Amino acid sequence: MPPNATRKRSTGGAPRCGPGPKEHAQTRGAWIVFADECGTSTSPSTRRTWGRRGRTPLVAARRGRRGRANTVGRLCVHPATGEVKLFHTVQCSAITVAVLPALLDRLHRALRGPVVLIWNNHSSHSGKKMTAHLAERDWIQVVSLPRYAPELNPVETLWSHLKRVLRSRLFRSLEELEQVINAHLRLVRKRTDLLRGFIDSVGLESSPFPSTK
């Protein structure tokens, strides 16, 4: 080896990491959208609480069939501006492949821009029908998370926050449950600091992506 030569370590066939969802969104001027579904019942889920010594706190319960409301949450971040938004839909029926495409189209109209959608690898998200629906929409790019990885999706933190509001409470009807969920999520939607906190809870940053100009 010549005396002035420098020794370089060979990288061999080490894999390279390509651009992630935030880089793709920055390039396309797209929104990053985290999505997830949550089901809640008219019967309360009891949690630990305070009570007088010697007296066990009691929660009312109803007999018969319990009602169930299903909620879809979409937590949106724009990498270029750092803007955050929350959209949600509550319905009594199940969230299926027949419903999701229309919800995505509505979201696209509200955001007025392309979308990088991040959600789990559930069968309703990755099946042939849903894949076909997504292929018809050139404004959307999908990033699939592992099926059981709630720690990677900030919408899961939103659900934990919502369930703390609903816990140990009996709802007289499914309509009342829907009203409470809608009312609370509308308040959350106005709290950008809270929305950023949900994003931060999974180790992400909602701050604007650094400009290269």
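Which residues line the largest cavity? I took this as my opening entry, and I kept in mind throughout that I was reading a predicted model.

**Entry 1: the cavity**

I looked up the enclosed spaces and found a count of one cavity of 30 Å³ or more. For the largest cavity I noted a volume of about 60 Å³. Its lining, which answers my opening question, is made up of Ala35, Glu37, Val72, Arg74, Leu100, Leu103, Leu104, Leu117 and Trp119.

I then asked which helix or strand gives the largest share of this lining. Helix H2 does, with three residues. Looking along the chain, I wrote down that strand E1 (31-41), strand E2 (68-77), helix H2 (100-111) and strand E4 (115-120) each contribute at least two residues to the lining of the largest cavity. When I sorted the lining by class, I obtained seven nonpolar residues, no polar ones and two charged ones. The two charged residues are Glu37 and Arg74.

**Entry 2: helix H2 against helix H4**

Having met H2 at the cavity, I followed this helix to its packing with helix H4 (residues 128-135), where the two axes come within 10 Å and cross at roughly 25 degrees. Why do H2 and H4 count as roughly parallel to each other? The reason is that angles under 35 degrees are given that name, and the crossing of roughly 25 degrees therefore puts H2 and H4 in this group. I also recorded that the crossing of H2 and H4 is right-handed.

On the H2 side the contact is made by Leu100, Pro101 and Leu104, and on the H4 side by Met130, His133 and Leu134. Leu100 and Leu104 caught my attention, since I had already listed both in the lining of the largest cavity. By class, the contact of H2 with H4 holds five nonpolar residues, one polar residue and no charged ones.

**Entry 3: helix H5 against helix H6**

My last search concerned helix H5 (residues 154-166) and helix H6 (residues 174-189), which pack at an angle of about 130 degrees with their axes 11 Å apart. H5 and H6 are therefore oblique to each other, and I noted that their crossing is right-handed.

Which residues make this contact? From H5 I listed Leu158, His161, Leu162, Val165 and Leu166, while from H6 I listed Leu177, Val180, Ile181, His184, Leu185 and Val188. Sorted by class, the contact of H5 with H6 contains nine nonpolar residues, two polar ones and no charged ones. I closed the page by marking His161 of H5 and His184 of H6 as the two polar residues of this contact.

Conventions. Residues are numbered from 1 along each chain as its sequence is written. This is a predicted model: local features need pLDDT of at least 70, side-chain atom pairs count only at pLDDT 80 or more; totals for chains, interfaces and linings use all residues. Side-chain values use heavy atoms; hydrogens and water are left out. On a 1 Å grid over the protein atoms alone, a cavity is a set of points where a 1.4 Å probe fits but cannot get out, and a pocket is an open set with protein on both sides within 12 Å along at least five of seven lines; lining residues have an atom within 4 Å of a point. Grid points are joined across faces, edges and corners, and a volume is the space filled by probe spheres set on the points. Helices (H or I, at least four residues) and strands (E, at least two) are DSSP runs, numbered from the N terminus. Axes are lines fitted to C-alpha atoms, for helices over the stretch in contact, and angles run from 0 to 180 degrees between N-to-C directions. Angles under 35 degrees count as roughly parallel, over 145 as roughly antiparallel, 65 to 115 as roughly perpendicular and the rest as oblique. A crossing is left-handed if the near helix is turned anticlockwise from the far one by less than a right angle, and right-handed if clockwise. Contact means heavy atoms within 4.5 Å.
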